[in-house]
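Let's work through a few exercises together, with the structure open in your viewer. Try each task yourself before you read the solution.

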Amino acid sequence: MGAVKNIMIIMCLFAVANCASLDDRKVSEGTNMVGVTCDNKLATRSRAHGDWFKAKDTCCVQSIAVLADGTLLGVGEDKMLYTKKSPRVGEWEGPLENTCCIKDVAVMPDGSILATNRDEELLLKTDLESDWKKISANVRAVDVFSDGKILALTKDSNLKIRNGVKGNWRYFGGVGHDDVITDIAIQADDTVVGVGKRRTGLYFLNNNKEWDQIIENKDCIKSVVSTGVLVGRKTDDQ
């Protein structure tokens, strides 16, 4: 029996992943979306019809974004920003100075930070050390396309878009379902994902700019950020 145990230990040294806990492996493999649960912890998801896997010791944030180097940027319960290396690596560090008081956060391609506050104003920081500057109103949640266009969710659950910080808003869509969308995220392929107020699933914006394609959640998820492509874009050619 001792010899068998020694062989297993040697196998672990050459294949650490096989000896990790099942939960750890599920959290680390192929993550395409990170979510905030209703108890303000992190969970990850790799497939559209897969499950959410909760990451350990990740309390407490209300909304998250991802910096260019993969670092998570989280809005804490105190409405200030915190950073974390990844969903399952490191602890939340912060709060960062001069970051109060916000509800949602997103990152522009140039590294500047967008946020919304309780008055549903859209704010901008050119970097983590600068002051917040108001750039717009009537924005409940925000995210950014790969080309720098800003997508905003309004308080009446419609979507509007502008060509960067200095652009003008125009209507983008967002009808088509009786659930109230409360958060949005943009995938790596620019597909728009929405979180419903019922917390029962994720919605995807189709080519007609209407919400459909619900993916059920077994866990209560209130906010998401895309780190890949959870569901491939549907085009007219497919």
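**Exercise 1. Find where Asn-98 sits, then decide how open to solvent this residue is.**

Step 1: Go to the loop between strand 6 and strand 7, where Asn-98 has its place. Strands here are DSSP runs of E with at least two residues, helices are runs of H or I with at least four residues, and both are numbered from the N terminus.

Step 2: Read the relative accessible area of Asn-98, which is 37%. Buried means under 20%, exposed means over 50%, and partly exposed is in between, using a 1.4 Å probe and protein chains only. Asn-98 is therefore partly exposed.

Step 3: Check the backbone: phi of Asn-98 is near 65°, a positive value in a residue other than glycine.

A word on the model before you go on: this is a predicted model in which local features need pLDDT of at least 70 and side-chain atom pairs count only at pLDDT 80 or more, while totals for chains, interfaces and linings use all residues. Residues are numbered from 1 along each chain as its sequence is written, and side-chain values use heavy atoms, with hydrogens and water left out.

**Exercise 2. Which phi value does Lys-209 have, and in which loop is this residue found?**

Step 1: Lys-209 has a positive phi of about 65°, although it is not a glycine.

Step 2: Look in the loop between strand 17 (201–205) and strand 18 (211–216) to find Lys-209.

Step 3: With a relative accessible area of 30%, Lys-209 is partly exposed.

**Exercise 3. Locate the cis peptide bonds at Cys-59 and Cys-60 and at Cys-100 and Cys-101.**

Step 1: The bond joining Cys-59 and Cys-60 is cis, with omega about 15°. Cys-60 is found in the loop between strand 3 (53–54) and strand 4.

Step 2: Another cis peptide bond joins Cys-100 and Cys-101, and its omega is about 5°. Cys-101 lies in the loop between strand 6 (81–84) and strand 7.

**Exercise 4. Is Ile-181 buried or exposed, and what is it in contact with?**

Step 1: Find Ile-181 in strand 15. Its relative accessible area is 2%, so Ile-181 is buried.

Step 2: List the contacts, meaning heavy atoms within 4.5 Å. Leaving aside neighbours within four places in sequence, the partners of Ile-181 include Arg-140, Leu-153, Tyr-203 and Trp-211.

Step 3: Take Arg-140 and follow the chain: Ile-181 and Arg-140 are 41 residues apart, and their C-alpha atoms are separated by 10.0 Å.

**Exercise 5. Which charged side chains lie over the faces of Trp-132 and Trp-169?**

Step 1: Apply the criterion: NZ of Lys or CZ of Arg must be within 6 Å of the ring centre and within 35 degrees of the ring normal.

Step 2: Lys-125 lies over the face of Trp-132, at 5.1 Å from the ring centre. Arg-162 lies over the face of Trp-169, at 4.8 Å from the ring centre.

**Exercise 6. How many helices and strands does the protein chain have, and what share of its residues counts as buried?**

Step 1: Count the elements: the protein chain has 3 helices and 19 strands.

Step 2: Of its 238 residues, 47% count as buried.

Step 3: Turn to contacts between residues at least 6 apart in sequence; 42% of these join residues at least 24 apart.
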